[in-house]
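Please open the model in your viewer and keep the sequence panel beside it. The stops below are meant to be taken in order, with a selection to make at each one.

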Amino acid sequence: SDPDNDDPTEDDQDDETLGVYDLALRKVLVTPAPYSYGQLLTFQVEVFNQGNITVQNVLVNDYLPSGY
């Protein structure tokens, strides 16, 4: 259907919901300071779905730089 053709038999006003995947990640260091070289640090990682489609089986890879 063409919304600009003024055909009264066409319904050009239907709303269409688009599916959106919109994931956000928050990573927080939870080990209290002070820190020392070689110490094990604990992070809290949360993934948020800000989209309108349910997501499943999300895999997160986190690569830390050498010496972190």
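Strands, in the sense used on this tour, are DSSP runs of E with at least two residues, numbered from the N terminus. Bear in mind throughout that this is a predicted model.

Begin with the whole chain in a cartoon view, where the protein chain shows two strands and zero helices. Switching to a surface view, you are looking at an accessible surface of about 6300 Å², of which 49% belongs to carbon and sulfur atoms. Of the 68 residues in the protein chain, buried ones make up 1%. Among the contacts with a separation of 6 or more, 44% are accounted for by residues 24 or more positions apart.

Next, select Leu23, Leu25, Val45, Val47, Val58 and Val60, which together make a nonpolar surface patch of about 460 Å². The elements that give two or more residues to this patch are strand S1 (23-29) and strand S2 (43-49).

Stay with the patch and pick out Val47, which is found in strand S2. Is Val47 buried, exposed or partly exposed? Its relative accessibility is 40%, and because partly exposed covers the range between 20% and 50%, Val47 counts as partly exposed.

Now move to Val60, which lies in the segment after S2. Val60 likewise counts as partly exposed, at 38% relative accessibility. Which residues does Val60 touch, leaving aside those up to four places away in sequence? The answer is Leu25 and Val47. If you draw a distance between the C-alpha atoms of Val60 and Leu25, which are 35 residues apart along the chain, the viewer should give a separation of 9.2 Å.

For the next stop, show the side chains of Lys27 and Phe43: the charged end of Lys27 sits over the ring of Phe43, at 4.5 Å from the ring centre. While aromatic rings are on display, note that a search of the whole structure finds zero aromatic pairs.

Then select Ala33 and Pro34 and inspect the backbone between them, where the peptide bond is cis, with omega near 5 degrees. Pro34 has its place in the loop between S1 and S2.

Finish at Asn57, in the segment after S2. Although Asn57 is not a glycine, it has a positive phi of about 55 degrees. With a relative accessibility of 76%, Asn57 counts as exposed, since the cut-off for that class is over 50%.

Key: Residues are numbered from 1 along each chain as its sequence is written. This is a predicted model: local features need pLDDT of at least 70, side-chain atom pairs count only at pLDDT 80 or more; totals for chains, interfaces and linings use all residues. Side-chain values use heavy atoms; hydrogens and water are left out. Patches are made of residues with over 30% relative accessible area and no salt bridge: like charges are joined within 9 Å, nonpolar side chains (Val, Leu, Ile, Met, Phe, Trp, Tyr) within 5 Å. Accessible areas come from the Shrake-Rupley method with a 1.4 Å probe; for residues, only the protein chains shown count as cover. A salt bridge is a side-chain nitrogen of Lys or Arg within 4 Å of a carboxyl oxygen of Asp or Glu. Helices (H or I, at least four residues) and strands (E, at least two) are DSSP runs, numbered from the N terminus. Buried means under 20% relative accessible area, exposed over 50%, partly exposed in between (1.4 Å probe, protein chains only). Contact means heavy atoms within 4.5 Å. Rings of Phe, Tyr and Trp (its six-membered ring) pair if their centres lie within 6.5 Å; planes under 30 degrees apart count as stacked, over 60 as edge-to-face and the rest as tilted. A charge sits over a ring if NZ of Lys or CZ of Arg is within 6 Å of the ring centre and within 35 degrees of the ring normal.
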